[in-house]
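Grab a pencil and work through these short exercises on how helices pack. Try each task yourself before you read its solution.

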Amino acid sequence: MLENCKSARERWGGVSEIIDRWLQSRQNLLVSFYHLSEIKEFTEEDPETEDRVRQLCQLLVDYVSAGHFEVYEQLMREGQAFDDKQGLQKACELYRDIDTTTDIAVDFNDKYLETDDLTSLAPDLSELGEALETRFSSEDKMIALLHTAHKNQIV
């Protein structure tokens with residue numbers, strides 16, 4: 001899609017739209033996470049909680065997938081197009097931090113997509129919350145390094 005764009009503004013403006021959609025999905029993920037975190041006691045056979053967990057899992061997988069298969073790739077291409085060696089190097093370091101959080105997100109999804117046992121949900125949510133905080137911080141830094149930093153160069 002973006003490869004066929006004629007101008008830098010058209011090309012990298014398209015990245016802005018991808019990032020905006022992705023950040024909206026981040027917001028949806030956070031709302032779902034927050035609503036689930038509000039529950040003080042998780043009991044088995046609570047269909048509402050089970051539905052919330054499954055919804056969180058779906059949003060989580062969609063968000064993580066979009067990052068890995070769409071957003072990061074576009075950000076790296078932008079850094080390469082602007083020959084931003086320093087930004088690309090730092091982005092690779094940030095990507096390693098993000099990759100670690102991916103494992104936690106995937107493990108959470110795999111566990112709760114297949115079970116109705118919510119006995120360890122509270123500590124698992126806590127671990128996921130910490131991972132998401134790290135991930136979001138690293139992603140924001142990556143966006144600043146490889147996209148926002150080049151805004152003034154786009155003609």
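**Exercise 1. Where does H2 bend, and by about how many degrees?**

First, some background. This is a predicted model, in which local features need pLDDT of at least 70, side-chain atom pairs count only at pLDDT 80 or more, and totals for chains, interfaces and linings use all residues. Residues are numbered from 1 along each chain as its sequence is written, and side-chain values use heavy atoms, with hydrogens and water left out.

Step 1: find the helix. H2 covers residues 47–81 (helices are DSSP runs of H or I with at least four residues, numbered from the N terminus).

Step 2: find the bend. H2 turns by about 45° at glycine 67 (the angle between axes fitted to the seven residues ending there and the seven starting there).

Step 3: look past the end. Aspartate 83 follows H2 and has a positive phi, near 50°.

**Exercise 2. Work out how H2 and H4 are oriented.**

Step 1: get the angle and the distance. H2 and H4 (residues 121–146) pack at about 20°, with axes 12 Å apart (axes are lines fitted to C-alpha atoms over the stretch in contact, and angles run from 0 to 180 degrees between N-to-C directions).

Step 2: name the arrangement. That angle makes H2 roughly parallel to H4 (under 35 degrees is roughly parallel, over 145 roughly antiparallel, 65 to 115 roughly perpendicular and the rest oblique).

Step 3: sort the contact residues. The contact of H2 with H4 has 16 nonpolar, 2 polar and 3 charged residues (Ala, Val, Leu, Ile, Met, Phe, Trp, Tyr, Cys and Pro are nonpolar, Asp, Glu, Lys and Arg charged, and the others, Gly among them, polar).

**Exercise 3. Now bring in H3 and describe how H3 packs with H2 and with H4.**

Step 1: take H2 with H3. Their axes lie 10 Å apart at an angle of about 160°, so H2 and H3 are roughly antiparallel.

Step 2: pick out some partners. Among the residues making this contact are Leu60 and Tyr72 of H2, and Tyr95 and Phe108 of H3 (contact means heavy atoms within 4.5 Å).

Step 3: count by class. The contact of H2 with H3 has 17 nonpolar, 5 polar and 2 charged residues.

Step 4: take H3 with H4. The axes of H3 (residues 85–113) and H4 come within 9 Å and cross at roughly 155°, so H3 and H4 are roughly antiparallel too. Their contact has 16 nonpolar, 5 polar and 8 charged residues.

How values were computed. Helix = DSSP H or I, 4+ residues; strand = E, 2+ residues; numbered from the N terminus.
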